[in-house]
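Please read the structure below from its surface inward. The text begins with the open space at the surface, then turns to the chain, one helix and the enclosed space.

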Amino acid sequence: MRYFLDTEFNGFCGELISIALVPEDAGLPPFYEAISVEDSTPWVRDNALPVLETRPRSRKEVTDLFAAYLMDDPAPLLVADWPEDIALAARLLITGPGYMKPVRSLRFELVDPDIIGPMVPSAVPHNALHDAVALRTTMLAWEARMAG
């Protein structure tokens, strides 16, 4: 199944703050978690943290929940519109030097929002869950236009 991925992070190439996976099937539950952050950048403190809409957890807790969410899907495809989203999702599976959470298979797809646009606006900008929903809506609309 495809999951539309979005993350929020602490400044350019910064640490993960929140991550969301929204299944292509809107009837299935999404994944959305936040990680406790210390020393956030002023922009993150003013724009991303106020709209988290979830209680931050430890990185280990989020790693465990993320891996468990994907475990029952034999071939998940995570679709993102920014390279850092993919990098942060992949890094979330790392548990230590030479160790990672077990995954059967995991694929990533990067799409350019300027090509698939017009981008559907997020209901809550800088909230990974709402941004992932907007990406799903945008992608499915683009695919419908291409098929029609």
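The lining of the largest pocket in this predicted model is made up of four nonpolar, four polar and five charged residues. The pocket itself holds about 250 Å³ of space. Thirteen residues line the pocket, and those closest to its centre are Thr 7, Glu 8, Phe 9, Trp 43 and His 126. Two elements, E1 and helix H1 (42-47), each give two or more residues to this lining. Strand E1 supplies the largest share, with four residues.

Where do these elements sit in the fold? The chain contains five helices and seven strands. Read from the N terminus, their order is β-β-β-α-α-β-α-β-β-β-α-α. Of the contacts between residues at least 6 apart in sequence, 63% join residues at least 24 apart.

The overall dimensions can be checked against a simple expectation. A compact globule of 148 residues would have a radius of gyration near 15 Å, and the chain agrees because its own value is 15 Å. Along the principal axes, the C-alpha trace spans about 45 × 40 × 25 Å. Buried residues account for 42% of the 148 in the chain. The chain exposes about 7,800 Å², and carbon and sulfur atoms supply 61% of that area.

Helix H3, residues 83-92, shows burial at the level of one element. Its buried residues are Glu 84, Asp 85, Ile 86, Leu 88, Ala 89 and Leu 92. An α-helix has 3.6 residues a turn, so residues three or four places apart point the same way. What do the buried residues of H3 pack against? Their partners include five strands by name: E1 (2-9), E2 (16-23), E4 (77-80), E5 (94-96) and E7 (107-110). Helix H2 (59-71) is also among the elements they pack against. Strand E1 therefore appears twice in this account, as a partner of the buried residues of H3 and as a contributor to the pocket lining.The remaining space is enclosed. Rolling a probe the size of a water molecule over the atoms shows where empty space is left. How many cavities of 30 Å³ or more does the structure hold? There is one, and the largest cavity has a volume of about 50 Å³. Its lining consists of Ala 67, Leu 70, Met 71, Asp 73, Pro 76, Pro 102, Val 103, Arg 104 and Ser 105. By class, six of these lining residues are nonpolar, one is polar and two are charged.

Conventions: Residues numbered from 1 in each chain as written. Predicted model: local features only at pLDDT ≥ 70, side-chain atom pairs only at ≥ 80, totals over all residues. Heavy atoms only, no water. 1 Å grid on protein atoms, 1.4 Å probe; cavity = no way out; pocket = protein on both sides within 12 Å on 5 of 7 lines; lining within 4 Å. Points joined across faces, edges and corners; volume = space filled by probe spheres on them. Nonpolar A, V, L, I, M, F, W, Y, C, P; charged D, E, K, R; others polar. Buried < 20%, exposed > 50% of the residue type's maximum accessible area, 1.4 Å probe, protein only. Contact = heavy atoms within 4.5 Å. Rg over C-alpha atoms; globule rule 2.2 N^0.38 Å. Areas by Shrake-Rupley, 256 points an atom, 1.4 Å probe, with all protein chains shown as cover.
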